Amino acid sequence: MSDRPVPKLGPLPLLIFNARWLQLPLYLGLIVVQCVYVFLFGKELWHLINHASKMGEQEIMLIVLGLIDVVMISNLLIMVIVGGYETFIARLGLEDHPDQPEWLSHVNASVLKVKLAMAIIGISSIHLLKTFIAAGALQGLPFCSPAELAAIAESSDAATGLQCATLTPVGVMWQTIIHSVFILSAVGIAWTDRIMQVGLQRQRGAH
């Protein structure tokens, strides 16, 4: 801890600096979202336990991937809530806490960006894997027409009576392209941050 006195701010700088607390309701709202995902996870898990004997391997696999998806989104929420609060609002004072996350000890805006990008890639990978599994289970079914897709969207009963696949080649293609863009974006962010860190180290070495 530093023994330096806390500098006194003028009215305008104090107002601007304290404006960071306006973000607090946003992070509290994300905690509510986290509770919703806990409920969703419990609901899907209960459905899996109750109907596991009636399901095939692929159906169970899709549900399990959905549960993993929920967990990864929850991890993303925790990183945003804890890391965002620590970075943009105030210190949590967890330096000596035994349960302090390892990544929080050196968190900053750049580290948070890279970790969020990697988490988004993980979530996208789960969605893409679910799509590929569903595509592999089509068993020669034709793709649904736009009218049939509209009927499925309007009624769940219509989905059971239609003998077609709701996936489309264009949809799978764009999902793959978007996932690739996520990967390239994460690599670009990490590379840019690396260049900035090297530049800062050289400037410090020069002084």
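These legends describe close-up views of a predicted model of one protein chain.

**View 1. The whole chain is built from helices.**
The secondary structure of the protein chain comes to seven helices and zero strands. Read along the sequence, the pattern is α-α-α-α-α-α-α. The chain has 207 residues, and 23% of them count as buried. It exposes about 14,500 Å². Carbon and sulfur atoms supply 68% of that area. Take the contacts between residues at least 6 apart in sequence: 66% of them join residues at least 24 apart. The views below pick out places where such distant parts of the chain can be examined.

**View 2. The largest nonpolar core has five residues.**
Its members are Ile 73, Leu 76, Met 79, Ala 119 and Ile 123. Helix H3 (57-88) and helix H4 (109-136) each supply at least two residues of this core. H3 gives the most, with three residues. Leu 76 is a good residue to centre on. Leaving aside neighbours within four places in sequence, Leu 76 is in contact with Leu 116, Ala 119, Ile 120 and Ile 123. Two of these partners, Ala 119 and Ile 123, are listed among the core residues. Ile 120 appears again in the surface patch of View 6.

**View 3. Tyr 37 of helix H2 touches residues further along the chain.**
Tyr 37 lies in helix H2. Residues up to four places away in sequence are not counted here. With those set aside, Tyr 37 touches Val 70, Ile 73, Ser 74 and Leu 77. Ile 73 also belongs to the largest nonpolar core. How far apart are the C-alpha atoms of Tyr 37 and Leu 67, and what is the separation along the chain? The atoms are separated by 10.0 Å, and the residues are 30 apart along the chain. Tyr 37 counts as partly exposed, because its relative accessibility is 24%, between the 20% and 50% cut-offs.

**View 4. Trp 21 and Tyr 85 form an aromatic pair.**
The count for the model comes to one aromatic pair. Trp 21 and Tyr 85 are its members, and their arrangement is edge-to-face. The rings sit 6.3 Å apart, centre to centre. Their planes make an angle of 75 degrees. Where does each residue lie? Trp 21 is in the loop between helix H1 (11-18) and helix H2 (24-51), while Tyr 85 is in helix H3, so the pair ties together parts that are 64 residues apart in sequence. Trp 21 counts as partly exposed, at 33% relative accessibility. Tyr 85 counts as buried, at 18%.

**View 5. Glu 86 and Arg 91 meet in a salt bridge.**
Side chains of opposite charge can pair when their charged atoms come close. The count here comes to one salt bridge. The side chains of Glu 86 and Arg 91 form it, with 3.1 Å from N to O. Is each partner buried or exposed? Glu 86 is buried, with a relative accessible area of 9%. Arg 91 counts as exposed, at 61% relative accessibility.

**View 6. A nonpolar patch lies on the surface.**
Its residues are Ile 120, Met 173, Trp 174, Ile 177, Ile 178, Val 181 and Phe 182. Together they have about 610 Å² of accessible area. Which helix gives the largest share? Helix H7 (residues 169-206) does, with six residues. Phe 182 is found in helix H7. Phe 182 is partly exposed, with a relative accessible area of 33%.

**View 7. Leu 128 of helix H4 contacts residues later in the sequence.**
Leu 128 is found in helix H4. It is buried, with a relative accessible area of 8%. Leaving aside neighbours within four places in sequence, Leu 128 is in contact with Gln 175, Thr 176 and His 179. The C-alpha atoms of Leu 128 and Ile 178 are separated by 9.9 Å. These two residues are 50 apart along the chain. Ile 178 is also one of the patch residues in View 6.

**View 8. Ala 190 of helix H7 is set against Ala 117.**
Ala 190 is found in helix H7. Ala 190 is partly exposed, with a relative accessible area of 34%. The C-alpha atoms of Ala 190 and Ala 117 are separated by 9.2 Å. Along the chain, the two residues are 73 apart.

Notes. Residues numbered from 1 in each chain as written. Predicted model: local features only at pLDDT ≥ 70, side-chain atom pairs only at ≥ 80, totals over all residues. Heavy atoms only, no water. Salt bridge = Lys/Arg side-chain N within 4 Å of Asp/Glu carboxyl O. Buried < 20%, exposed > 50% of the residue type's maximum accessible area, 1.4 Å probe, protein only. Patch = residues over 30% accessible without salt bridge, like charges linked within 9 Å, V, L, I, M, F, W, Y side chains within 5 Å. Areas by Shrake-Rupley, 256 points an atom, 1.4 Å probe, with all protein chains shown as cover. Helix = DSSP H or I, 4+ residues; strand = E, 2+ residues; numbered from the N terminus. Core = buried A, V, L, I, M, F, W, Y, C linked by side-chain atoms within 4.5 Å. Contact = heavy atoms within 4.5 Å. Phe/Tyr/Trp six-rings, centres within 6.5 Å; stacked < 30°, edge-to-face > 60°.
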